[in-house]
Amino acid sequence: MVSLTMKERIHAIETAVKAADGRIPVIAGVLEPGIGDAIEAARLFREAGASIPLVLTPYYINPTQEGIYEFFKKFDEGFKSPFLIYNIPYKNVTNVKPATFAKIVEDIPNCAGIKECSVAFADCVDIVHRVSDQCTVFSGEDLMMGGHVLFGAEAAIIASANLIPDAWSKMFEDARARNIQAVIDFQKKYYPLFDLLFAEINPAPLKYAMKQIGMDAGEVSLPLLPCSQALRAKLDSMIQEMNIHC
């Protein structure tokens with residue numbers, strides 16, 4: 001949603017809320033690096049029907065850990081409702097370290113959890129050990145989710161689940177049941193697909209794949225571009241080989 005105007009983002013949230021029809025909560029991404037804009041966006045998304053905001057760590061400014069802590073403390077004072085933190089350091093270079101997140105959770109009860117997307121597997125495990133009894137730890141990485149859940153993450157927000165929701169649902173239940181072989185089998189089966197879905201900048205390949213199975217999610221917005229013809233051909237072949245359909 002970072003490439004969309006605020007009007008488009010609100011429309012997307014309203015559309016999602018209507019489609020969910022109360023069956024599941026709608027999580028809205030707050031992507032603003034400035035504290036005032038972040039609070040305002042969260043309020044607008046709440047008015048649009050979102051259940052809870054997912055607040056990205058402030059980027060570009062490259063704050064210290066203390067600055068990150070103060071950012072979310074100030075956000076809580078302005079928003080005054082539960083929120084989630086979105087930690088994806090390989091995208092925005094700002095990393096909420098496990099000790100910092102534990103301090104946030106301890107001091108800010110409205111922090112209800114974190115979507116952890118660090119490529120450092122141990123960071124998610126560390127967070128689980130520190131705070132899993134106080135909030136929800138979401139895995140946000142397709143290739144690490146099974147391991148994250150095996151080590152105690154309670155939930156997941158996974159991009160490719162839009163394409164193969166049933167397979168991911170089963171994998172999540174297998175991981176929660178500590179069915180390690182099933183998790184291994186899933187990773188072996190679907191790794192080639194994930195490799196293609198992230199071969200170019202997400203979500204362009206995913207949007208193309210979804211369109212090919214009859215779920216047209218539209219095109220990406222600039223500065224992102226549609227995936228290449230070469231990747232499209234590989235995705236077409238993989239979709240057919242794996243018999244992926246709606």
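**Exercise 1. Determine where Glu154 lies in the chain and whether Glu154 is buried or exposed.**

Solution. Glu154 sits in the loop that links α7 (145-150) to β6 (155-156); helices (H or I, at least four residues) and strands (E, at least two) are DSSP runs, numbered from the N terminus. The model is predicted: local features need pLDDT of at least 70, side-chain atom pairs count only at pLDDT 80 or more, and totals for chains, interfaces and linings use all residues. Residues are numbered from 1 along each chain as its sequence is written, and side-chain values use heavy atoms, with hydrogens and water left out. The relative accessible area of Glu154 is 41%, so Glu154 is partly exposed (buried is under 20%, exposed over 50%, partly exposed in between; 1.4 Å probe, protein chains only).

**Exercise 2. Identify the residues that Glu154 touches, not counting residues up to four places away in sequence.**

Solution. The partners are Ser132, Cys135, Thr136, Val137 and Phe172, where contact means heavy atoms within 4.5 Å. Next, take Ser132: its C-alpha atom is 8.1 Å from that of Glu154, although the two residues are 22 apart along the chain.

**Exercise 3. Describe the fold of the protein chain and judge how compact it is.**

Solution. First, the protein chain contains eleven helices and six strands. Its radius of gyration is 18 Å, close to the 18 Å that the globule rule gives for 246 residues, so the chain is as compact as a globular protein of that length. Here the radius is taken over C-alpha atoms, and the rule is 2.2 Å times the number of residues to the power 0.38. Finally, buried residues account for 46% of the 246 residues.
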